[in-house]
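Student: Could you take me through one helix pairing up close, and then show me what surrounds it? I'd like one connected walk rather than a list.

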Amino acid sequence: MTPFKNIVGQETAKKILLRSYDKNRLASTYLFYGPDGVGKWAVAIALTALVNCLEPLKDADGKTTDACGECINCRQILNLTFGEFYPAIPLPPHKSESEAIELLNEFIQQKKKEPYSIISSKRQTTISIKTARDIKRKAAIMAPPDMTRVIFFYQMEKMLTSSADSLLKLIEEPPPNTIIILTARDPDNLLSTIQSRSQKIAFKPIIPEKIEEYLTGRSDLTEKQAGLLARLSEGSIGRAINLFGDDDESPARQVAFLMFKTLIQKDTASAVATINELINPRNRGETEMVLLNWQSFLADIIQMKFGKDTKNIINLDLLSELEILSAKFSDANSFSKFVAHFDEFNRSFRLNVHIRPAITALVFNLRKYLNQSS
Ligand SMILES: [Zn+2]
């Protein structure tokens, strides 16, 4: 398996990097930006392999097309064990250095298994000052001359401003044989000095057909299920994966289902209270994921009510519970109003600044369409 070929979509990003590589004009700092789960991680790993590959692949015109994926460097890089790859990853709060290492390893293992996965934490994650300083210290030691060191700051927006200072020094005076890769959802959330000193590469949402293909290639989803997930995921493979992941892999989905059940089964007051307790008002991405999961539960209920067979149900493990919930929608008219209101809310949620009041209002409004007598 060769790393660039494995990347879904992102043709522009790939082209820019391969062309710069051939011209020997790679930037010292890259900023990959775009939505979560569209391949920033995968491209960063592919670039690390390319610059360290002992025998890059070329086409008939002599243009480089990929890293070989087989030489010793490629294999270590794809295995995420390469010594000159320094990742800085946002981590939840931890008490000790050994706990931090454990959390980092867990993260790396998940990314190794599924490079597109969006790893969520119930707690706020940050790139700590210590991580930034450690990397700066390591970067001060020269990289081996026959290798290119890659310093990789993943999800830069989760870096504390105080830690960004150490990074800034590094970007201003990039060490030899080193490439710095930064990723972010939105570059405007980063310090302007960081923005202006890096070459920005945009990552776009992926078309549903490609997501569908990726999903069917990696799971036993039916074409219909994969197609539905692809449409729900708004161009993000990571989101699509989070939507069908089994419970062990996707605690976020479990929590989202708990909230969904509360919304439908409890009275309005306890639904509002429970959902407010479970939602993280400081994390928009996480809240969007909850809403996306709700959307997939609703899609399943629609299938149960109007579809012909259960083959197209996404959340098969929740089938019996979803059946109980679907009985709560006693008349078709209220159900379609419920779905319409929810869709409308989803469309405008991105523009909504205050997560908690928005979700509270949503719960109140949706409750109106439920059979409240039972
Ligand atoms: Zn290679």
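Tutor: Let's start with H10 and H13, which are oblique to each other. Keep in mind that this is a predicted model. The call follows from the angle: helix H10 (residues 237-244) and helix H13 (residues 284-306) pack at about 60 degrees, and an angle counts as roughly parallel under 35 degrees and as roughly perpendicular from 65 to 115. Their axes are 10 Å apart, and the crossing of H10 and H13 is right-handed. If you want to click on the residues that touch, H10 brings Arg239, Asn242 and Leu243 to the contact, while H13 brings Met289, Leu292, Asn293 and Ser296.

Now hang on to Leu243, since that residue leads us elsewhere. Leu243 is also in contact with Leu229. Setting aside neighbours within four places in sequence, Leu229 has Leu215, Ala240, Phe244 and Ile314 as its other contacts. Leu229 is also among the residues with the most contacts inside the largest nonpolar core, a set of 92 residues. Phe32, Ala46, Ala49, Phe152, Phe153 and Ile181 are listed alongside Leu229 there. Helix H2 (residues 40-52) gives this core its largest share, nine residues. Both domain 1 (11-202) and domain 2 (245-367) put at least three residues into this core, even though 35 Å separate the centres of the two domains, taken over C-alpha atoms.

Back to H13, this time to what follows the helix. Ile313 sits in the loop that runs between H13 and helix H14 (319-326). Is Ile313 buried or exposed? Ile313 has 22 C-beta neighbours inside 10 Å, so Ile313 counts as buried; the cut-off for that is 20 or more. Leaving out residues up to four places away in sequence, Ile313 touches Asp300, Gln303 and Leu319. Asp300 and Ile313 are 13 residues apart in sequence, yet their C-alpha atoms are 5.3 Å apart in space.

For a contrast with our oblique pair, have a look at helix H5 (residues 129-140) and helix H6 (residues 161-172), which pack at about 15 degrees with axes 8 Å apart. That angle is why H5 is roughly parallel to H6. The crossing of H5 and H6 is left-handed. On the H5 side you'll find Ile129, Ala132, Arg133, Lys136 and Ala139, and these meet Ser162, Ser163, Ser166, Leu167, Lys169 and Leu170 in H6.

Note on methods: Residues numbered from 1 in each chain as written. Predicted model: local features only at pLDDT ≥ 70, side-chain atom pairs only at ≥ 80, totals over all residues. Core = buried A, V, L, I, M, F, W, Y, C linked by C-beta atoms within 7 Å. Buried ≥ 20, exposed ≤ 12 C-beta atoms within 10 Å, placed from the backbone. Helix = DSSP H or I, 4+ residues; strand = E, 2+ residues; numbered from the N terminus. Domains from an automatic or database assignment. Contact = placed C-beta atoms within 7 Å. Axes fitted to C-alpha atoms, helices over the stretch in contact; angles between N-to-C directions. Parallel < 35°, antiparallel > 145°, perpendicular 65-115°, else oblique. Left-handed = near helix turned anticlockwise from the far one by under 90°.
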